[in-house]
Amino acid sequence: MSNAVAPAIEGSDQADAPLHVAIIMDGNGRWAAARGLPRAEGHRRGVEALRRVVRAAGELNILYLTIFSFSSENWSRPPSEISDLFGLLRRFVRNDLATLHRDGVRVRVIGERDGLEPDISALLTEAEELTKNNNRLNLVVAFNYGSRQEIAKAARRLAREVAEGKRDPATIDADTLGRYLDAPDIPDPDLIIRTSGEQRLSNFLMWQAAYSEFVFVPIHWPDFDRTALEGAIAEYARRERRFGGLAAKAGS
Ligand code: IPE
Ligand code: IPE
Ligand code: MG
């Protein structure tokens, strides 16, 4: 994800619309616990929220929607919960892929693919292949993803090129490293939303978030919907992004 500048979108009420929204979908377990339900039920309801939000993102002219669905550190959860989460991913791809494709959604996956169960890996590849020519909405799924791991992988690939005599270390700057990340063609997120009230990145898009705006919402992910998304976008529209420069003055 490079630091591309968002093109202006037609229509005055769209002027401050984020091109790329990234979401840390958090709070499924607490949503369930508050209702005396098993955590798995929170995850199941979380998939329903995801469906709503993908639909809303398309309607709101968001071009890129990145969702954090399983982190490199989530392996430290109990095996039964990991199995529930992987089962939901399988079901989501099997049940929803045709609809996503019909709706013009292009699915991209970032994160470590090596070491995943072969059927999961195959489903992710199938989703990417089937939808690769779509361009209405890019749904970037961060699965088995950790930002430190992604940056380390980029550094490893660059180091290999240097070791093989194919690259001069002096050519490595921030843009070069950015091009070795998992989805270098996708612009950096304009807006990062985290649900459930937690205010941290938890190893999500640390490189790409250099100039993102953060909106933390108190509701748990299963309760997130179009209205909540619109609320976060309205908050984003009130922010002034400066990218290290000076505030833009009206009329200047
Ligand atoms: C988010 O909900 C889903 C994943 C991290 C996979 P959690 O499972 O983290 O829910 P809480 O934070 O325990 O409530
Ligand atoms: C971040 O949530 C990962 C995902 C949403 C997939 P966690 O629930 O794993 O984060 P921490 O452990 O509270 O920081
Ligand atoms: Mg959590």
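At 0% relative accessibility, L205 counts as buried, the term buried denoting under 20% relative accessible area, exposed over 50%, and partly exposed the range in between, with a 1.4 Å probe and protein chains only. The structure is a predicted model, in which local features need pLDDT of at least 70 and side-chain atom pairs count only at pLDDT 80 or more, while totals for chains, interfaces and linings use all residues. Residues are numbered from 1 along each chain as its sequence is written, chains are lettered from A and ligands numbered from 1 in the order in which they are written, and side-chain values use heavy atoms, with hydrogens and water left out.

L205 is found in the loop between β5 and β6, where strands are DSSP runs (E, at least two residues) and helices are DSSP runs of H or I with at least four residues, numbered from the N terminus. Phi of L205 is near 45°, a positive value in a residue other than glycine. S202 is found in the loop between β5 (191-194) and β6 (213-216), and its phi, near 50°, is likewise a positive value in a residue other than glycine. S202 is partly exposed, with a relative accessible area of 31%.

S202 also belongs to the surroundings of ligand 2, which further include I24, M25, D26, F68, R194 and R200; a residue is taken as near a molecule if one of its heavy atoms lies within 4 Å of it. Strand β2 (residues 64-71) supplies the largest share of this shell, 3 residues. The shell around ligand 2 divides into 4 nonpolar, 3 polar and 4 charged residues, with Ala, Val, Leu, Ile, Met, Phe, Trp, Tyr, Cys and Pro counted as nonpolar, Asp, Glu, Lys and Arg as charged, and the others, Gly among them, as polar. A polar side-chain atom of D26 lies 3.2 Å from an oxygen atom of ligand 2, and a distance of 3.2 Å to an oxygen atom of ligand 2 is likewise found for a polar side-chain atom of R77 and for one of R194. Of the 390 Å² of accessible area that ligand 2 has on its own, the protein covers 77%, areas being obtained by the Shrake-Rupley method with a 1.4 Å probe.

Around ligand 1 there are 13 residues, the closest being D26, G29, R30, R39 and R77. A polar side-chain atom of D26 lies 2.9 Å from an oxygen atom of ligand 1, an N or O atom in the side chain of R77 is 2.7 Å from an oxygen atom of this ligand, and a polar backbone atom of N28 is 3.2 Å from an oxygen atom of ligand 1. The protein covers 86% of the 370 Å² of accessible area that ligand 1 has on its own. Two or more residues of this shell are given by each of α1 (28-33), α2 (39-59) and α3 (79-102), and α1 gives the most, with 3 residues. The shell around ligand 1 comprises 2 nonpolar, 6 polar and 5 charged residues.

Elsewhere, H20 lies in strand β1 (residues 20-24) and, at 0% relative accessibility, counts as buried; its side chain reaches the backbone oxygen of P187 at 2.7 Å. R148, placed in helix α5 (residues 147-163), counts as exposed at 62% relative accessibility. R148 and S72 are 76 residues apart in sequence and 9.5 Å apart in space, C-alpha to C-alpha.

Conventions
Polar contact = N/O pair within 3.5 Å; in protein donor to acceptor, adjacent residues only side chain to side chain.
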